[in-house]
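Reader: I should like to understand how the terms used for a protein model are justified. May I ask about them one at a time?

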Amino acid sequence: MRLSRRGLLRAGLAGTAATALGGLTSGCAVPTGSTGRNMVLWYWDGGLGDTVLKKARARYDSTVDLKAIKIGGYYRSKLITTLTGRAHVPDIAGLKGEDMASYLPDAEQFVDLRTLGAQKYRSQYLPWKWQQGIADDGTMVGFPIDCGPVAHFYQYQVFRKAGLPYEPADVSAELNTWEKFFTAGEQLRKRIPGTSLLTDVNSVFENIVQQGAKRYVDKDRRFIGDQHHVRHAWDLAVEAKRRGIVSDLVTGTPDQISAVDTGKLPSQLGASWATYDIKNGNPKTKGRWRIADMPVRPSNNGGSFLSITKACREPEHAFEIIAWMLNAANQATGYVDAGLFPSTPASYGLKQLREPDPFFGGQVTTDVFGPAAQKIAIAYNSPYDVALGQPIKDEIKNVGVLGKDPEKAWSDAMSKCRRIAKHLGVSY
């Protein structure tokens, strides 16, 4: 079975980001990549659109033999192993957005894209997305591919039956706070017994954290996961459980899929790429869905980058290819091909992104995702965020699924974080 984009993201978070490049040593960039005409690009299934890759090979065929290799399995681990071994290193490498912070401390393994003229393109990309690819010392490691602005997916007729606002503009305006969102969930359950607004508490917790400018570790390598921004997200997730707006189901299970099909789970907070997950996972629901703004402000989930490794013999040429592949027109094509929502705002007005989507009742979904992408906060992403965020995510899941006491769960999460922080040299 082919994993969904969400599944791939979760798989990518399985390891601890803090140790991702621990085996690399400074200055190990042996020229093992291109040999003049040959140039190798690594990416993963769904990481780039097939049409853009085909066009790039044709466009640059007279000067370079561009070989795009789709790497299966755990992409990050394979790339790290190859970089560490200093053999068969690709010239151009995709870097998943959720892993990006783990590469930045070893930025010397990549070409600083500023030295190739990247700065002149900066104004064409979302500011927060551009910033994600830059290390603390200013080195630019990643050039933006896509992003994953999060919105509120809901089933139109179910909301209408429950007496809730049901037109996208009305849902956006009237469910614009978490309190109003939760109240709507209570009304939904009351009017249509057996329904839940969301599948689980984690979608509440993680999206609220992602709405802000702080995560779990700051620039000074201090743990901040015990501060208000995380505790606030925790408390709201607990409240969602207490008020009964989340189900007891697990995302991706047959029962959860069936509940979506039957309208028992008529709502979810999902990134732009979730449009493809719903189409593939719940084809029977075609025409029932609409998309509105999520409460308060948008968050982001997913999105990736292209980098040039120090093994590349022709970095100037490689950058020329990258900059062309990721321009506004080609990013629009990537969205049609692979659901890669553009990090280039100029794409949002292009024809490919202005087509009404029959699956979503003829709605032009870019009208929601485009403005959302431009409102996402610039946040500092630490290489230690994954390791120190996971215990908190695990414990809020225990609250939601197992009914664990929230205060006990919080205490246990903080104890685990203290142990991990000490091990990683993060101050607490």
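Reader: What makes Phe205 a residue that touches others, and which ones does Phe205 touch?

Author: Contact means heavy atoms within 4.5 Å. Leaving aside residues up to four places away in sequence, Phe205 touches Tyr216, Val230, Ala233, Trp234, Ala237, Ile392, Lys393 and Ile396. The model is a predicted one, in which local features need pLDDT of at least 70 and side-chain atom pairs count only at pLDDT 80 or more, whereas totals for chains, interfaces and linings use all residues. Residues are numbered from 1 along each chain as its sequence is written, and side-chain values use heavy atoms, with hydrogens and water left out.

Reader: What is meant by the largest nonpolar core, and which residues touch the most other members?

Author: A nonpolar core is a set of buried Ala, Val, Leu, Ile, Met, Phe, Trp, Tyr and Cys residues joined through side-chain atoms within 4.5 Å. Buried means under 20% relative accessible area, exposed means over 50%, and partly exposed lies in between, with a 1.4 Å probe and protein chains only. The largest such core has 52 residues, and Phe205, Trp234, Leu388 and Ile392 touch the most other members. Among the elements that give two or more residues to this core are helix 9 (201-211), helix 10 (228-242) and helix 16 (385-402). Helices (H or I, at least four residues) and strands (E, at least two) are DSSP runs, numbered from the N terminus. Apart from this core lies another, of 32 residues, among them Ile92, Val111, Leu116 and Cys312. In soluble globular proteins, nonpolar side chains tend to be buried together.

Reader: Why is Glu395 counted as buried?

Author: The relative accessibility of Glu395 is 1%, and the limit is under 20%, so Glu395 counts as buried. Glu395 has its place in helix 16. Not counting residues up to four places away in sequence, Glu395 touches Trp234, Lys404, Ala409, Asp412, Ala413 and Lys416.

Reader: Why is helix 15 described as largely enclosed?

Author: Six of the eight residues of helix 15 (residues 366-373) are buried, so the rest of the structure largely encloses this helix. The buried residues are Thr366, Val368, Phe369, Gly370, Ala372 and Ala373. Strand 6 is likewise largely enclosed, because six of its six residues are buried.

Reader: How do you know that strand 6 pairs with strand 7?

Author: Two strands pair if DSSP finds at least two bridges between them. Strand 6 and strand 7 have five bridges, in the antiparallel sense, so the requirement of at least two is met. In one of these bridges, Ala151 has Gly270 of strand 7 as its partner. Strand 6 also pairs with strand 8 (residues 289-292), antiparallel, over four bridges. There, Tyr154 has Arg290 as its bridge partner, and Gln155 has Trp289.

Reader: What makes strand 7 and strand 8 edge strands?

Author: The three strands form an open antiparallel sheet in the order 7-6-8. Strand 7 and strand 8 each have a single partner strand, so one side of each is left without a neighbour in the sheet.

Reader: Why is the pair of Lys70 and Asp45 called a salt bridge?

Author: A salt bridge is a side-chain nitrogen of Lys or Arg within 4 Å of a carboxyl oxygen of Asp or Glu. The closest N and O atoms of Lys70 and Asp45 are 3.5 Å apart, so the pair satisfies the rule. Lys70 lies in strand 2 (residues 65-70) and Asp45 in the loop between strand 1 (38-43) and helix 2 (50-59), so the pair ties together parts that are 25 residues apart in sequence. Lys70, at 43% relative accessibility, counts as partly exposed, and so does Asp45, at 33%.

Reader: Which salt bridge has both residues buried, and how many salt bridges are counted by this rule?

Author: Asp99 and Arg76 form a salt bridge, with the closest N and O atoms 3.1 Å apart, and both residues are buried. By this rule the count comes to 18 salt bridges. Glu395, Lys404, Lys408, Asp412 and Lys416 are linked in a network of them.

Reader: Why is Asp220 called exposed, and Arg222 partly exposed?

Author: Asp220 has a relative accessible area of 57%, and the limit is over 50%, so Asp220 is exposed. Arg222, with 43%, is partly exposed. The two side chains meet in a salt bridge at 3.9 Å, N to O.
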